[in-house]
Every structure is written in structure tokens, then in C-alpha cells.
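Trainee: I would like to learn how to read a model of several chains, going from a fold to its interfaces and then to single pairs of side chains. Could we take the features one at a time?

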Amino acid sequence: MKKQVWATVAGAVALACLSSQAMAQSRDLNIVSWGGAYQDGQKEVFFKPFNATGIKLTDEAWDGGLGVLRTKIKGGNSTWDVVQVEADELEVGCDEGLYEKLDVNKIGGAARYLPGTVHACGVGAIIYNLVLAYDGDKLKAAPNGWTDFFDTKKIAGKRSIRNGAKWNLEVALIADGVSAKDVYKVLRTPEGVERAFKKLDTIKGDLVFWKSGAQPPQMLAAGDVVMTTAYNGRITAANEKDKKNFKMVWKDTPYTMDSWVIMKGTPLKANAEKLVEFLGRPENQAKLPKYVRYGVTAVAATPLIDKSLMGELPTNPEIHKQAFAEDVKFWIDNGDKLAERWTKWAGTK
Amino acid sequence: MKPIKFPWKPLYWFLCACVLVFLLAPIAAIIPLSFSSGSFLTYPLPGLSLRWYQEVLGGGKWLTALGNSLFVGAFATMLSVLLGTLASLGLMRNKAWWSEALKLVALSPMIVPVILIAVASYFFLAPLSLTSTYLGLIIAHTVIAVPFVVVPVLTALELLDPNLARAAAACGAVPRVTFMRVTLPSIMPAMASGALFAFAASFDDVVIALLIAGPDQRTLPREMFSGLRDSMTPALTAVATIMIVFSTTLFLLMQMLQRRTRKAMKPA
Amino acid sequence: MSTRQRFSLLLPLSGFLLVFFVAPLVWLLSLAVREAEVPRALPRTLAVLQTWQPGQALPPKVFPDLAQDLVEARAASTLADAARRLNYEVGGVRSSLMRAAREVGSAVPDTVFGAEFFNAVDPALASPEFFAAVQRARGPVSSYYLLAAFDLARNAKGEIERVSEANRIYIDVLMRTLGISLSVTLLCLLLGFPVAMLLTQVTAKTADWLMILVLLPFWTSLLVRTAAWVVVLQREGMVNTLLMHLGVISEPLTLIYNRTGVLIAMTHVLLPFMILPLYGVLKGIPPHYMRAATSLGAPPVVAFFRVYLPMAAPAIMAGSLMVFILAMGYYITPALVGGGSDQMLSYFVATYTTDTGNWGLASALGLMMLVTTLALYAVAHKLSGGRALSMG
């Protein structure tokens, strides 16, 4: 009887291994974005319609960090196919061979997209600002910008910032008196970096960190913080969906572009390219601002966007001239070093 | 047993009551929130409604996650009961040094912090293409669940009166029959309680699922973890309430089983 | 039962655990001492440096060899790992190495890849400190990650010294983990001991019911209990609303995303783990010792401290060690209710594994955790007479 038992067990294990391999091959196409209200909007505009074309699509959320992507590739057997990444993650990741090279003709041709949005490894998805957000019902006097964000005597209460060096060092310097156009020049010097961290130290006791884009509106709603940095689209979505009265300060806010990439070595490359092409169609992109106020990258999409939404779109000229562009090269060169410095700064009292 | 005299007896009772309230209040507190008609997790409730239960049970990610948890839990439990019972039979009443060592190995997943088991499994299973698969998750859950089977089953086996087996042999039963008709029924309650503990261990795991499960295998606790971080709606409290009801049922089953075991173990 | 029969019964579980538990753990811990990234990417450079000592002049041949290695490693996708590894020792060198590889690849033919070439990309690349770091990372084993886990590093001369003030973090994290675990253990002891004692003094039926009240949270999912605390401790959550309603406070207290929240939530989660073993031993303490003491004239307080407590000591030890060990390994609860400076060792192990990709350091910290946990378990085992692993 024992031999039969062993035979059955061995057979079952072998079968299970084989079937798991088969299951691995036949998995669905997977797209990864930033979660929250933004991804809910993307579901309506992109993911569900794409599913309807016959290719099954699952979606996941992540909070950024090149290390996550490096680990996915290094660990192997990654289930991520198409990912939305930030500007510096696009450059560095491309350099390190984390993404597939993109053939622009497979995704609709170069003429479809705004100049500067097509990259060897990725194509632009959205343009957005990191704004200063607060609850208009709880804070009657509008903060005048980053100076007030760092002034706990003038406006008491906790503040929230993203857990990472990017964009926080810039706004710290602006609050310390550096003009937006000089911010990166100052940050390139070691004294500039020190100055930024020192400014952050002045409010460290009142700081709470957020990691995912969905957290700032929640923190404002719960009253956990009085002011927070946030992605503009999430704030507008919270106002519309949850009937909130959150307000934004656009002055001296950084804007940047996120892109879609295809992870290197994905077994579903052909379908991934079809997905990226679908994501770039002007008629699809034009529907996104209704859900989240982000600028889109297809040339023909802009005239299709509802004029009434233009007021809070980052590509609105009135807003655009108050904002400053993120210096991607600075973060490519210094991202790792400053990320490490940040982890240690954030992890200690 | 006569109560021990204490000068501050009422204060002592009050303190104990406070501790018990501390233990139970938070769990009780979130149950009503799941019936709230509003979208925020604050009292007083704006009104009562079942909308969150409809959202959770009406299909979608929560139901899939529940299905995943039950599927993985069932298989992990079956595998751990099988492996654990066989091993307990081999370990019972064995004084050899290697038996003690193997017992330690069998119980060590309870000692090692689960984050290390999760990370180690991730590094090990990824090259084998077993991450983001049901099989990989079942394997990893079995590793942490097996000790929960070994402890009660081994204890039950060692408490078993050896004379029963000898009597059966004296009546002419071959070892296999003795096992099937004497030993196995006696350790059934222990196996069942081990199975319940094992299932609870698999069902409740978050860390391993965080590291190993792919988007298709997301279990209920994994989904709750994301929910707690990203979007806290009363849907979470609805899921929590369902899980509370579930674990309370398991627990009451456990209590009944333990009472039966105690009765079975009473000397004749 | 014959030995052969026993073996075949034990084989399935042993085989299974050996393959899926012991082997992965050993593999994980080996990552803490292995060095494979730099030898894989920069073989020629290491070959030239074999006879070089820090302090000597750099052999000129090292630069063209480095250039060749960079180009080949970039093509083979092994450069990124090596660059990251070297970046841990020489800050900023990761992006410089990647840039250098690009420039070497796109340089005109006949370019001389000498010290000046690399100096132009980044002076750090031509420095002896950089090459000393390369040499130290030659592998196959190294103490780099283990030292880093204790905030130590080898300096340019090869001696072990503490890293700069700004970079010292892991000893602090270890202290913090131990501190939080200790605080939670003490809180559990203070809250759990009275309840365990109460359980021994009431009738069996009442004890059964009270036990159900204690076990119910024990059986509830850890995540559900943590979620409950997240909801209850919020700024506009129940505790604050209640206290403000009663007029005890005028401003909501910050009870979450800080140390207070972590202590409250962890104590709640671990309290049953203290009560159960305590009760298990306390119910075996005969009551006549206390009665004898009081009948001899000792006031109840004295009788308690001098007769009861010493007899309860093994129980206290067992319960405390159990709670302490469990607290040390916790990840979920601090991650959900704690702030940035409340994260324990497990958080760093997880983050370095999935977010940063610094697997060597994740393993080294994991090794630190495992050794501490096993040592504590050995102590618990000894003190409780081998009953540490029973389930109460």
C-alpha cells in the first residue's frame, strides 16, 4: 500500500507543478497604475473598454520606487506587464534595461503624441501638478503658498508630505526663499541639500507621511492634517465624488509627466503593445479629465476635452505659468543618493 | 477554590473588567459601522443600510479575495493535516535523539518570524516560477500551518492509552486495521482542532500573501491590507464583520471539539 | 513500531519542510554574506586589482579594463546591480558608473580610456577609494552587509569603523524594536496578570465564560483587530469623540500613526498571548500557601508579594518571553498604525526586499532578527522546563 501512496503523492505533486506552469503562461494581461480615484477613473475610461475588446485585463496599484521594479525583474516571474512610472523612473529604468524598447509605430505613430512625450522606453500618460491642498471648510484664510506650509506658528496643525525626497526638497527651498526658477541650481550644491533638509526639520514634529496618492484627501477629510501636498487630480475628484470643499494653491507647484512602460521580458508583449496603443488614442484620453483633472498627451485629445473642465487642468495656461517644471535630470543623477538620505531622515525622530 | 483575600477587591474587579472591555470593545465597535449608510467611519451613524454588504458580497474584488482565501486555506489545511498527522505518528513515544530534532524542525515555523519565512519563500519560489501561483501560496501557507496540526495530534497520540492498541492486536487485528479502527478515531478530535488552527493560520496570513501572491491570488487579508492603506470605506468594516463572525464560529467549533477531546481522553 | 516505519512516516513532512522551509531560510541567510554582483560585472578590473593595495598608486591598466568591463556589463544587464552595490559604499557612484558606461559605448574609436576620461565623467571614478571599494566587493563572501546591519563599515584602509553619524540607523532600529517589544510586554503583564489571577479564583463555569471573552479576540484575525484600532483611534474616531463628548479634552488627541497607537494596538493583539500561559500555570498554584501565610499573620499585600508572586514567577517568565518574541517579529500592526519613526526591524527587512532591492542588507537584518528570536526561545525553553512551545 505504501508504494501506491507514494506514487499517488508524487503524481499529484508533478501534476500540480505542471498545472501551475500552465497557469503561469495563461495569466491575464496586467496593468499597474497609482490606485485610488485616479485608477478608478482609468478603469472607466481605459481598462473596462479595453477588456471589452476581447483581451482580458487585470489592474493593480503601486506607489512608485524604482527599487520595486528592479526587484520585480531581478526576482523573476513578474506579473506586471504595463506600468505607469514617473519621469526619472522612466529614464533610469530604461538605462538599466528594465523596460522593453517601444516601437512608436506600434502605438499609433509619433505624430499622435505631443512633442517630448514619446521616449525610447515609454510614452507619456498624464501631466499633473503637486499642489498644496487644504480643507476650505476648516481653514478659512487661504495659505499663501509653501511659506505658509512651513510656518507652523501662522497656521498651526499637522502637515502631510509624500514619503520621499522628490518634490519635498524643492518646496522646502521655495519656502526658505529660493525662487522657483533657481531651485534646482541651489539643490545641485551640497549646501542646498542641507538647507532643504534643515527647513524640513523645522516642521518635522508636525509631519505625517503619505505614500499613496489616495491618502492626502483622506487625511484632509479625517482632519488628521491641516495642509498636505497632493496630486491635483485627486483633490478635484474628492471634491466632486465626496462633496468636499478642498482647495488648492497652484503657485510655485512642480509639474511633471508620468509615462507608460512595458516591463522587460513580459510574456505578453504583443498584447501589452496593443494596450499602450489603446491608452494613447485621443478619443479615449479625452474622457479622462472628467474623472481626474490631469493633462493628457495625445495631440488630438485637447480639442475634445470639455471646456468647463479646463479651469483645473495643469495644461491650462493660467495654471501653467505659475508652476515650474520638475528637473528630471537632477533626479536621475541624485535620486538614489537623496532617497537613501531621506529614508534615514524620515526613519529617525 | 477559595478566593484569595484582597484589600481592594472592588478595584481589582473593576480593573479586570476594564481589561476585558479593552480586549473586546474595538472589535465590537466596528461592527455597527458596517451598517452605516454614510461613507465615513465615524459615529454617530447617519443611518442604517446594507449597502456595504451588498458591495462586498455582490461580486468584485472582495468576493474573489474571499474565494481565494477559502481555496488556498482548504488546500493548505488538507496538506498540513496529511503531513502533520503522518509525522506525529512517526514521532509518538520516540525517545531517539533524531526524533527530538525532527520535532523541533516540525515546530520551528512557529518560532521563526513570519516576515522571514515570507521573504525566504519569495527568494526561493521566484526562480522556480512558483510566485504568483496558487501552488506557491499553498506551499508557503502549509509551512506555517503544519506546526498547528503537529502539536494537538502528537499530544493526543501520546496521551492515548497504548493498551488499546495492544488489546486490538491481541484480538487479532493487523496494524493497519488497528490504526484505522482504533487510533484514528481517537485522534479525530485532535486532528480536527489542528485542522481548524491550520485553516485559521492560512486564512489570517497577510505577510506571506503580500510577498508571494500575484494579483489573481489576492487573499482577503491581503485585500484588506491594501484597503486600510489606500481607501478606507465602511466596506472594510463589512469585511471585518464577516471575518469576525467567521472566526467566532470557528472558535465555538474549537470549544466543542476540545470538550469532546477532554471527554474522550478521560481514563475509563 | 520499527525505526524504518517511523522514518517513512516522518519522511513526507521532513522532506517538505527541508525543501520549502529550511532550504529557503538558509538561502536567505546566505545572501547576507555573499558578493556576486561586482565579480560578475567587473571581472577584468578585479583581476588587475588583485595585486593592488590601497595606498599604492593605481595601476594604469585598470582604466581601460574598467571601460571594457562597463561596456560588456551594460550589454549583459549586470552593470546595474554592481553599480548599486558600489553605490552603498561610495555615494553617487551608481549614476556615474551608468553614465560612464554610456559614454564609453558612444565614444569615438581610438579614444584612450585613461584616468582623465573617467575623471571627466566623475572624479570619484578615478579615485583610490572607489577602487578600494571595488576590491572589497570582490567576493565570493564578504562581511559588508553584516557590518552594515550593525552600522559598521570598512574604511579605505580596510579597518572596521562606525559609519558616519548621518548614516547610523540599524542599531537604533534594533534598539527601537527591543524597546517597543519590552514596553508591550510590560503593558501586557500589567493588564494580563490581574485577569489571569481572576480566572483562577472564580468558579469553573464563570472561568469558562471569561475565557471565551479572552479567546474571542485571539481568534479574530490580526488584520481585523488592527483595522479596528485604525478606525477607533482616528482624529475623528470613537475614542476622541467620546473623550470630547465627556469634556475630558478640548482638542482631539493624536493616537494613531505614532508610538502611542503602536503600543495600544500591539498590546491589544498580544494580550491573549500573555493571559493564556499565565492562566495555564497560575491555576496549578495551590491556594493553601496563601491561606497559610495569612493565617500566620501576614497582611494580604505581603502574602501576595512574598508567597504568591514567587510561585507565579515561572508563569510570568513564560508569558513575557512569548509576548516579547512575538512582538519582535511583528510587521503588520506597526506598518498600519505607526509613523515613520515607529517601524521595527521587520519593516526594514520587507522594504529592502521588495522596494529597495538591497537583498544583502535585508538578509543581514533578517539574520539579526532570527538570531535574537532563537536565543530568546532557547531561554524560554530552558526556563519553562520545555513547555514554551505548548499552546496553553
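Mentor: Let us begin with secondary structure, bearing in mind that this is a predicted model. Chain B has 11 helices and 0 strands, and its pattern along the sequence reads α-α-α-α-α-α-α-α-α-α-α. The C-alpha trace of chain B extends over about 70 × 65 × 30 Å along its principal axes.

Trainee: Turning to the interfaces, how many residues does the contact take from chain B and from chain C?

Mentor: Chain B contributes 87 residues and chain C contributes 86 residues to that contact. About 8000 Å² is buried between chain B and chain C, and carbon and sulfur atoms account for 85% of this area. On the side of chain B that touches chain C, the largest share comes from helix H1 (residues 9-33) of chain B, with 14 residues. That side of chain B is made up of 72 nonpolar, 9 polar and 6 charged residues.

Trainee: How many salt bridges, and how many residue pairs in polar contact, are there between chain B and chain C?

Mentor: The count of salt bridges between chain B and chain C is 0, while the interface of these two chains holds 8 residue pairs in polar contact, with both residues at pLDDT 80 or more.

Trainee: And what area do chain C and chain A bury between them?

Mentor: For chain C and chain A the buried area is about 2700 Å², with 50% of it on carbon and sulfur atoms, and the contact draws on 32 residues of chain C and 28 residues of chain A. Within chain C, the residues that lose the most area to chain A are Arg94(C), Asp355(C) and Trp359(C), which together make up 18% of what that side buries.

Trainee: Which polar features should I look for between chain C and chain A?

Mentor: There are 4 salt bridges between chain C and chain A, and one to locate in the structure joins the side chains of Arg74(C) and Asp95(A), at 3.2 Å from N to O. Between chain C and chain A there are also 6 residue pairs in polar contact, both residues being at pLDDT 80 or more. At least two residues of the side of chain C that touches chain A come from each of helix H1 (3-30), helix H5 (79-89), helix H6 (93-106) and helix H18 (345-356) of chain C. By class, that side of chain C comprises 8 nonpolar, 14 polar and 10 charged residues.

Trainee: How should I read a salt bridge inside one chain, such as that of Lys48(A) with Glu44(A)?

Mentor: Over all chains the structure has 37 salt bridges, and in the one between Lys48(A) and Glu44(A) the closest N and O atoms are 2.8 Å apart. These two residues are separated by about one helical turn, because they lie 4 residues apart in helix H2 (residues 36-52) of chain A.

Trainee: Finally, how is the packing of two helices described?

Mentor: Two packed helices are described by the angle between their axes and by the distance between those axes. In chain C, helix H14 (residues 259-282) and helix H16 (residues 300-328) pack at about 145°, with axes 9 Å apart, and the crossing of H14(C) and H16(C) is right-handed. Among the residues that meet are Met266(C), Leu270(C) and Phe273(C) in H14(C), and Tyr308(C), Ala312(C) and Gly319(C) in H16(C). The residues of this contact between H14(C) and H16(C) comprise 16 nonpolar, 2 polar and no charged.

Note on methods: Residues numbered from 1 in each chain as written. Chains lettered and ligands numbered in written order. Heavy atoms only, no water. Contact = heavy atoms within 4.5 Å. Buried area = accessible area lost by both parts, 1.4 Å probe. Polar contact = N/O pair within 3.5 Å; in protein donor to acceptor, adjacent residues only side chain to side chain. Nonpolar A, V, L, I, M, F, W, Y, C, P; charged D, E, K, R; others polar. Axes fitted to C-alpha atoms, helices over the stretch in contact; angles between N-to-C directions. Left-handed = near helix turned anticlockwise from the far one by under 90°.
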